[in-house]
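Take a first look at the model below. Then read on, one part at a time.

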Amino acid sequence: MIDPFGRNLDYLRVSITDRCNLRCVYCMPPSGVEWKPHGSMLSFEEILRLCGIMAGLGIRKIKVTGGEPLVRKGAAFFIRSLKALQGIEQVTLTTNGLLLDSFLGEAKDAIPDAFNISLDTLDAERFARITRSTSENSGGSAESLLKKILRVMDDLLKKNIPLKINCVPVRSFNEEDIVPIAALARDKNIAVRFIELMPMGIASALRPVSNNEVAAMLEKQFGPLTPFSGVLGNGPARYYTIKGFLGKLGFISPLSHKFCESCTRLRLSSEGMLKPCLSSDIGMDLRLLLRSNASDEELRAAIMELVSKKPWAHTFLQSMPLAPDSGAANTIDATGAVAPADPKGGMYRIGG
Ligand code: SAM
Ligand code: SF4
């Protein structure tokens with residue numbers, strides 16, 4: 001699938017649920033996901049049919065995401081079926097890690113090829129504040145949840161399963177965690193990635209920390225960052241090494257270093273909306289087609305129509321003020337953010 005700008009779209013992010021057992025301040029409204037009628041989500045069979053068709057069109061890598069993908073019953077069955085699709089070379093999973101233990105037990109022969117675990121802090125109080133977790137809604141104290149995540153990370157490493165940590169620095173929420181989270185890559189063979197906060201839905205009311213600032217903090221603490229020239233994963237992260245580190249440090253900087261020219265992704269929401277870009281209003285309602293008995297040929301044509309509309313670049317910066325003193329385009333800083341278009345929305349709807 002070649003888009004109008006010559007990009008070969010081979011990577012699909014599939015969200016299998018909007019629901020989550022956490023309520024991260026930059027992703028999910030405090031009240032969680034709004035009520036939706038039964039059947040609004042695609043069934044696994046429907047998603048598998050679409051993934052099979054897209055594999056035929058050139059998708060090679062699939063990331064399973066959410067909401068929290070592991071809250072959906074049958075995630076292990078689904079991943080096993082995805083891995084069996086002809087043409088699919090890699091299936092990976094992004095998770096907050098809380099249900100990973102039981103998933104790994106269940107998945108056995110269907111372990112994803114790599115995992116991303118989201119972790120914004122190692123401090124129990126800040127974990128509770130960022131994830132809005134309570135013993136009632138998340139099944140344990142913040143301290144026990146953190147321990148659980150760190151334990152399952154070690155389990156994955158013992159099994160030699162590739163692991164990346166995603167950390168989203170948010171002004172006045174977790175700046176003090178940037179150095180300790182990065183230190184995980186000093187002590188373990190993992191990639192720790194810092195993702196710039198994207199002004200989607202509820203996150204528009206928060207203030208980002210630019211990755212330029214994160215990098216400066218890390219260099220001050222650990223010494224110079226040296227660009228890593230090897231390939232790590234399929235994403236837009238730029239990776240670095242630091243002397244004495246077992247793992248790598250990565251920066252995903254959609255705002256300060258736009259990477260749209262190399263974006264080869266499509267996104268499928270849990271309700272069957274195929275989207276060409278995180279920031280785009282454009283989408284193709286594949287659920288409607290699936291449920292009106294569209295043939296594979298009709299679905300293929302709809303997918304290709306969407307591909308033909310993939311925009312050249314995201315538009316986040318149009319709604320994000322630039323740093324007043326930066327002098328450079330495409331930089332952000334502690335400048336605050338704009339009023340959200342949909343203050344109830346967030347990344348949980350499209351899967352990050
Ligand atoms: N629940 C899973 C998790 O947390 O990893 C998967 C879904 S989550 C939406 C996927 C990724 O998006 C996470 O790494 C999360 O930190 C990131 N994310 C959510 N909202 C974001 C935002 N506004 N800006 C940048 N990253 C965001
Ligand atoms: Fe849930 Fe992931 Fe969103 Fe946090 S980032 S609320 S864990 S979907």
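Which kind of contact do the side chains of arginine 7 and aspartate 3 form? They meet in a salt bridge, with N and O 2.6 Å apart. Keep in mind that this is a predicted model. The general idea is simple. Side chains of opposite charge can pair when their charged atoms come close.

Now look at how covered this pair is. Arginine 7 is buried. Aspartate 3 is buried too.

A second pair involves lysine 61 and aspartate 10. These two form a salt bridge as well, and their closest N and O atoms are 3.3 Å apart. What does this pair tie together? Lysine 61 lies in strand E2, which covers residues 61-65. Aspartate 10 sits in the segment before strand E1, residues 11-15. The pair therefore ties together parts that are 51 residues apart in sequence.

Are lysine 61 and aspartate 10 buried or exposed? The cut-off for buried is under 20% relative accessible area. Lysine 61 has 18%, so it counts as buried. Aspartate 10 has 16%, so it is buried as well.

Turn next to glutamate 305 and lysine 309. Their side chains meet in a salt bridge, with N and O 3.1 Å apart. Here the cover is of another kind. Partly exposed means a value between 20% and 50%. Glutamate 305 has a relative accessible area of 39%, so it is partly exposed. Lysine 309 has 40%, so it also counts as partly exposed.

Salt bridges can also link up. Asp18, Lys36 and Glu271 are joined in a network of them. How many salt bridges does the count come to? The count comes to 17.

Now move to the sheet. It is an open sheet formed by 12 strands, and the pairing is mixed. Follow the order across it: E7-E8-E9-E6-E5-E4-E3-E2-E1-E10-E11-E12. Which strands are at the edges? They are strand E7 (226-227) and strand E12 (284-285), and each pairs on one side only.

Step inside the sheet, to strand E3. This strand spans residues 90-95 and runs parallel to E4, with 4 bridges joining the two. Threonine 95 stands opposite isoleucine 117 in E4. Strand E4, residues 114-118, also pairs with E5. That pairing is parallel and has 4 bridges. Asparagine 116 stands opposite lysine 164 in E5.

Carry on to the other neighbour of E5. Strand E6, residues 191-195, is joined to E5 by 4 bridges, and the two run parallel. Cysteine 167 stands opposite phenylalanine 194 in E6.

How many residues of E5 are buried? Strand E5 covers residues 163-167, and 5 of its 5 residues are buried. In a regular strand the side chains alternate between the two faces of the sheet. Check both faces of E5. On one side are Leu163, Ile165 and Cys167, and they are buried. On the other side are Lys164 and Asn166, and they are buried too.

Next come the ligands. Ligand 1 is surrounded by 20 residues. The closest are Gly67, Thr94, Ser118, Met198 and Met347. The shell divides into 8 nonpolar, 10 polar and 2 charged residues.

Which atoms of the protein meet the polar atoms of ligand 1? A nitrogen atom of the ligand is 3.2 Å from an N or O atom in the side chain of glutamate 68. An oxygen atom of ligand 1 lies 3.4 Å from a backbone N or O atom of threonine 95. This is the threonine that stands opposite isoleucine 117. A nitrogen atom of ligand 1 is 2.8 Å from a polar backbone atom of methionine 198. How much of ligand 1 does the protein bury? Taken alone, ligand 1 exposes 540 Å², and the protein buries 95% of that.

Ligand 2 has its own shell. Cys20, Leu22, Cys24, Cys27, Met28, Gly67 and Asn96 are the residues around it. Of these, 5 are nonpolar, 2 are polar and none is charged. Gly67 is listed around ligand 2, and it is also among the closest residues to ligand 1.

Finish at glycine 105. Its place is in helix H3, residues 100-107. Glycine 105 has 40% relative accessibility, so it counts as partly exposed. Its C-alpha atom is 9.6 Å from that of alanine 76, a residue 29 positions away along the chain.

Technical notes. Residues are numbered from 1 along each chain as its sequence is written. Chains are lettered from A and ligands numbered from 1 in the order in which they are written. This is a predicted model: local features need pLDDT of at least 70, side-chain atom pairs count only at pLDDT 80 or more; totals for chains, interfaces and linings use all residues. Side-chain values use heavy atoms; hydrogens and water are left out. A residue is near a molecule or strand if one of its heavy atoms lies within 4 Å of it. A polar contact is a pair of N or O atoms within 3.5 Å; within protein, one must be able to donate a hydrogen and the other to accept it, and residues adjacent in sequence count only if both atoms are side-chain atoms. Accessible areas come from the Shrake-Rupley method with a 1.4 Å probe; for residues, only the protein chains shown count as cover. Ala, Val, Leu, Ile, Met, Phe, Trp, Tyr, Cys and Pro count as nonpolar, Asp, Glu, Lys and Arg as charged, and the others, Gly among them, as polar. A salt bridge is a side-chain nitrogen of Lys or Arg within 4 Å of a carboxyl oxygen of Asp or Glu. Buried means under 20% relative accessible area, exposed over 50%, partly exposed in between (1.4 Å probe, protein chains only). Two strands pair if DSSP finds at least two bridges between them.
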